[in-house]
Every structure is written in C-alpha cells, then in structure tokens.
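Subject: Structure for you, plus some side-chain notes

Hi,

Here is the structure I said I would pass on. Have a look at it first, and then read my notes underneath.

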Amino acid sequence: MQSKKKAIGNTVFLFVVFGLTIYGVFHGEDLEAMMQAIRQADIRWLLPGVCLVLFFIWGESIIIWYMMRSFRIYLRKRICFLFSSVGFFFSCITPSATGGQPMQIYYMNKEKIPIPVATVILMVVTITYKLVLVVIGVGILLFGQGFLHQYLEEILPVYYLGLLLNVFCVSFMTVLVFHPVLAEKIILTGMDWLEKLHLMKKKQSRREKFQASMEVYRETAAYLKDHKRVIISVVLITFVQRLALFAVTWMVYLAFRLEGTPMWDVVLLQAVISVSVDMLPLPGGMGISESLFLKIFTAVFASVTLPAMVLSRGLGYYSQLLISALFTIVAQLYYSVRESKIPHRCSRLDTEE
C-alpha cells in the first residue's frame with residue numbers, strides 16, 4: 001500500500017514539474033516561429049542523435065554484463081540491456097534518480113542474481129557514473145578558465161554548487177567503501193546527536209537497517225580491491241557512454257547547419273549542465289536543465305536557442321525516457337510470460353511422474 005502511494009506521489013510530482021517546466025520555458029514565446037525553426041532542422045543529423053541515446057543505454061548494459069562475468073554470472077547482453085533500460089526509466093521519473101537501482105535489483109532477482117551481488121555491481125556503476133562527472137567538472141574548473149568565462153559567467157554559482165555536491169557525493173561514497181568502519185562511526189555519532197536534539201526519533205530498526213547496509217560497502221570495497229582491471233575498464237566505458245549522450249547536442253547543432261563553434265565546446269557545455277543538475281532532487285533535472293541550456297547556449301545557437309533546446313532535451317532526455325519505457329514494458333512482459341510458463345511446466349512434470 002505504501003509503495004503504491006509512493007508511486008502515485010512520484011507520478012504527480014513528475015507531472016507537476018513537467019507542467020511548470022513547459023509553462024516556464026514557453027510562456028511568452030513565439031511558438032509558431034519555434035516550430036518553423038524545428039521543421040527546418042536537418043533530420044539526417046537528428047537520427048544519429050537517437051542512436052547516441054541508444055548507445056548511452058547500451059553502454060550501461062555492457063558494464064553490467066561485463067561485471068556480472070567477473071562474478072561468474074553469464075547472462076545474455078539483451079537481458080542486461082533490459083536491466084539498463086529499467087534503471088534509466090525509473091531514474092528519469094523519480095526525484096534524484098532514486099528509483100532506478102531498486103527496480104534493477106528487482107528484475108535482476110528474477111534471474112536468480114543474489115541481491116548482494118546486484119547491489120555491489122550497481123554501487124560500482126553509481127560511483128563511476130558520478131566520478132566521470134566530477135573528473136569532467138574539475139577538469140573544466142582547472143584547465144578551462146577561458147571556457148568558463150566565455151560561456152558560463154551567468155550560471156557559475158549553479159555550476160559550482162552542482163560540482164561541489166557531486167564531489168561531496170563521490171567523496172562520501174569513497175569513504176563508505178574504503179573506510180566503512182570510520183564512516184559507520186561518523187554516521188552513528190551523527191544519529192546520536194540528531195536524536196539528542198530531538199531532530200530525529202530514536203529507532204533501533206533504523207540503526208539495524210543502516211548497519212546491514214554497511215555490509216554492502218564492505219563487499220564493494222573487497223570487489224574494487226580484487227578487480228582493479230575491471231574497474232579501470234568500467235571507468236573508460238562510462239566516459240565514452242556519458243560523452244555519447246553529451247554529443248547529442250552537437251548533432252542538434254549540425255541539424256541547424258550552424259558553424260563556428262568547436263564540437264568539444266558544445267559537448268562540454270552539455271556536460272556542464274549535467275554536472276550542475278545531477279544532484280538536484282528533480283526528475284531528470286527537469287526545469288533547471290532547460291533554463292541552463294537557454295542561458296549558456298545562446299552564444300552557440302543564437303536565434304535558434306529555444307528550438308535547439310527543445311530538440312536537444314527531446315533527444316537527450318525525453319527520447320531516453322520513451323526508449324527506456326518501451327524496453328521496461330518489454331522486460332515486464334518477458335518475465336511475466338516466463339513466470340506464467342513455470343507452473344505449467346511443473347504441472348506437466350508432476351503428471352508425467
């Protein structure tokens with residue numbers, strides 16, 4: 001009952017944010033002129049953009065498939081693609097992408113994959129996923145001062161906040177993984193402090209749940225120490241995967257037949273948006289992503305910035321949502337049909353005996 005209420009709440013929240021985003025972006029704009037510009041875009045460059053989104057989803061499935069093999073679990077790549085699609089779909093529609101991994105674990109369990117193994121794999125995916133953003137963000141900060149001042153003057157506070165939150169998240173997860181005893185002491189001390197201040201109710205069940213979750217971090221640490229080559233490969237694949245999604249905006253740039261801005265400037269600007277919004281509690285960074293695009297890409301797209309934003313977000317987020325939704329339905333149908341055959345098969349065996 002509680003999960004149904006949560007699902008309804010997430011759905012309502014998603015539609016509210018979507019409605020506010022539509023209103024905030026298009027209010028007072030010349031929609032006819034925008035649609036005219038979109039119709040003039042060269043679709044031959046937009047189709048590769050959809051392929052890049054598919055590659056992005058496929059990239060995570062390859063990471064899952066590859067790491068499963070390190071546990072001697074041999075799955076078909078198309079099954080891992082379903083896991084990946086499920087993760088992206090529920091991440092797209094839940095605040096801070098919190099719904100993706102629980103649903104992936106749910107479907108992995110249908111393949112008899114132990115929950116601790118699934119959790120460790122997805123923990124590594126999460127760490128590397130955010131680590132790549134941090135590396136790109138810090139790289140721009142250290143080596144791209146000219147880039148920052150050319151494009152990002154208006155949104156520097158948002159960028160710094162997003163980067164700081166990502167650095168904190170990766171650092172915190174690293175401490176949890178490599179220093180679980182220290183992390184456990186710090187968090188339990190924090191809980192004691194909050195309980196004494198009556199900011200948190202004292203619950204033994206909460207402590208037990210937390211201590212059980214710490215075991216996941218210990219297992220992740222052991223995996224990272226024993227599979228260094230696997231982790232290096234995962235980080236490299238994740239870099240390519242993320243850059244592929246950022247390159248969708250470059251395809252939009254080419255679709256409008258524009259010239260003068262280097263490809264890497266466009267790709268890194270899209271990366272800046274991801275760094276800025278990744279940790280915000282909004283489904284897919286909805287609302288803030290569109291606002292940032294309109295601010296920082298004006299120097300790139302000029303008079304077609306709004307149509308470019310519509311196409312870029314349409315491809316990078318909404319097509320990702322639709323594609324992953326489609327394969328989430330496929331996953332549900334596949335496992336429903338497979339499970340419906342199992343009792344039938346068992347009854348036949350009983351009859352034959």
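Below is what turned up when I went through the side chains and the backbone.

One thing to keep in mind: this is a predicted model.

Cysteines first, since you'll probably ask. The count of disulfides comes to zero. Cys 80 is buried, because its relative accessibility is 0% and the cut-off for buried is under 20%. Cys 169 is buried as well, at 14% relative accessibility.

Now the aromatics. There are 17 aromatic pairs in the count. One of them joins Phe 56 and Phe 88, with 4.8 Å from centre to centre and 45° between the planes, so this pair goes down as tilted. It also ties together distant parts of the chain: Phe 56 belongs to helix α3 (residues 43-70), Phe 88 to helix α4 (residues 77-93), and the two are 32 residues apart. Both rings are tucked away, with Phe 56 buried at a relative accessible area of 0% and Phe 88 buried at 7%.

Another pair is made by Phe 89 and Phe 90, whose ring centres are 5.0 Å apart. Their planes meet at 75°, which makes the pair edge-to-face. Phe 89 has 18% relative accessibility, so it still counts as buried under the 20% limit.

Further along the chain you'll find a cluster held together by ring pairs: Trp 250, Tyr 253, Phe 293, Phe 297 and Phe 301.

Two rings have a charge sitting over them. The charged end of Lys 77 is over the ring of Trp 65, 4.5 Å from the ring centre. Over the face of Tyr 129 lies Arg 242, and here the distance to the ring centre is 3.8 Å.

Last, the backbone. Most residues other than glycine have a negative phi, so which residues might catch your eye here? Arg 72 is one: its phi is positive, at about 60°, and it is not a glycine. You'll find Arg 72 in the loop between α3 and α4, where it is exposed, with a relative accessible area of 67%. Arg 257 also has a positive phi, near 55°. That residue lies in the loop between α12 (248-255) and α13 (263-277). Arg 257 counts as exposed because its relative accessibility is 54% and the cut-off for exposed is over 50%.

That's everything from my side for now.

Cheers

Conventions. Residues are numbered from 1 along each chain as its sequence is written. This is a predicted model: local features need pLDDT of at least 70, side-chain atom pairs count only at pLDDT 80 or more; totals for chains, interfaces and linings use all residues. Side-chain values use heavy atoms; hydrogens and water are left out. A disulfide is a pair of cysteine sulfur atoms within 2.5 Å. Buried means under 20% relative accessible area, exposed over 50%, partly exposed in between (1.4 Å probe, protein chains only). Rings of Phe, Tyr and Trp (its six-membered ring) pair if their centres lie within 6.5 Å; planes under 30 degrees apart count as stacked, over 60 as edge-to-face and the rest as tilted. Helices (H or I, at least four residues) and strands (E, at least two) are DSSP runs, numbered from the N terminus. A charge sits over a ring if NZ of Lys or CZ of Arg is within 6 Å of the ring centre and within 35 degrees of the ring normal.
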